[in-house]
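Trainee: I should like to look closely at one part of this chain, namely the helix at its beginning and what surrounds it. Would you please describe that part and then place it within the rest of the structure?

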Amino acid sequence: YPAMFIPQVARKLIEVFSSKHDTVCDIFCGSGTTLVESSLLNRNSIGIELNPLAILIAKVKTTSIDPQTLTNNLKTIISTHNNIKNAAPPKFTNIDFWFSDPVIKDLAKLKQTILNISEENIRNFFSVCFSEVARIVYFTRHKEFKLFRDKGKLEKSFKPDVLGEFIKICENNILGMKEYINIVTGK
């Protein structure tokens, strides 16, 4: 998510201008950094945001989900993904300009698998991981606000491992969830 707020600034402001059990309101909450820091500092929080992706990220970052449940769901996603032969790719203008055909097919299988998860919070967690994978495997240069195709990624040698990237991101985010829960619960 662009223009992320570093946690140290949010943390310091929350510590200086609020007390435990106060409510912190972030009227431009973006991806939820202030909401997470409020939770970690034993404050209640309210976030307001217009961007649907930012809202999803903030919701996922502030919703505790048992890490073992996430790990079990990841295993199910992997096995289901590997068993899907074909999935309907999304239809949007210039999809083949931004993604290679094999990547489009792999992302479609992964998205179909995630959308079949019945529990909303778990589906949201893996949807955020999916969005990060899509960003990694498309033909753009990273760390730039404006979209430009990366000439190196247009070479035939660029063959990203969609499922492998997804697994790495999920495992990292599950670890982050575990750390978040441990801090919030004091365990």
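Mentor: The secondary structure of this predicted model consists of eight helices and two strands. Read from the N terminus, the elements follow the order α-β-α-β-α-α-α-α-α-α. The chain has 187 residues, and 37% of them count as buried. Along the principal axes, its C-alpha atoms fill a box of roughly 55 × 35 × 25 Å.

Let us now turn to the part you asked about. Helix 1 covers residues 7–17. Val 9 belongs to this helix, and it is also one of the residues of a nonpolar surface patch. The other members of that patch are Phe 5, Ile 6, Leu 13, Val 16 and Phe 17. Together the six residues make a nonpolar surface of about 580 Å². How does Val 9 count in terms of accessibility: buried, partly exposed or exposed? Its relative accessibility is 34%. Buried means under 20% and exposed means over 50%, so Val 9, at 34%, counts as partly exposed.

The next point is how helix 1 is placed against helix 2, which spans residues 33–40. Two packed helices are described by the angle between their axes and the distance between the axes. Here the two axes come within 9 Å of each other, and they cross at roughly 50 degrees. Angles under 35 degrees count as roughly parallel, and those from 65 to 115 as roughly perpendicular. The crossing of roughly 50 degrees belongs to neither group, and helix 1 and helix 2 are therefore oblique to each other. The crossing in which helix 1 passes helix 2 is right-handed.

The loop between strand 1 (23–26) and helix 2 contains Gly 30. This glycine has a relative accessible area of 11%; because buried means under 20%, Gly 30 is buried. In sequence, Gly 30 and Leu 50 are 20 residues apart, while their C-alpha atoms are 8.4 Å apart in space.

A pair with another separation along the chain involves helix 4, residues 67–83, where Thr 69 is found. Thr 69 has a relative accessibility of 30% and counts as partly exposed. Its C-alpha atom is separated by 9.7 Å from that of Ile 174, although the two residues are 105 apart along the chain.

Finally, consider the charged side chains. The whole structure holds five salt bridges, among them the following three. Asp 101 pairs with Lys 105, with 3.1 Å between the closest N and O atoms. Both residues lie in helix 6 (residues 101–115), four residues apart, which is about one turn of the helix. Asp 101 is partly exposed, at 44% relative accessibility. In helix 6 there is also a salt bridge between Asp 106 and Lys 109, with an N to O distance of 4.0 Å. These two residues are three apart, and so about one helical turn separates them. Lys 109 counts as buried, at 15% relative accessibility. In helix 8 (residues 162–185), Glu 165 and Lys 168 are likewise three residues apart, about one helical turn. Glu 165 and Lys 168 form a salt bridge whose closest N and O atoms are 3.5 Å apart.

Notes:
Residues are numbered from 1 along each chain as its sequence is written. This is a predicted model: local features need pLDDT of at least 70, side-chain atom pairs count only at pLDDT 80 or more; totals for chains, interfaces and linings use all residues. Side-chain values use heavy atoms; hydrogens and water are left out. Patches are made of residues with over 30% relative accessible area and no salt bridge: like charges are joined within 9 Å, nonpolar side chains (Val, Leu, Ile, Met, Phe, Trp, Tyr) within 5 Å. Accessible areas come from the Shrake-Rupley method with a 1.4 Å probe; for residues, only the protein chains shown count as cover. Buried means under 20% relative accessible area, exposed over 50%, partly exposed in between (1.4 Å probe, protein chains only). Axes are lines fitted to C-alpha atoms, for helices over the stretch in contact, and angles run from 0 to 180 degrees between N-to-C directions. Angles under 35 degrees count as roughly parallel, over 145 as roughly antiparallel, 65 to 115 as roughly perpendicular and the rest as oblique. A crossing is left-handed if the near helix is turned anticlockwise from the far one by less than a right angle, and right-handed if clockwise.
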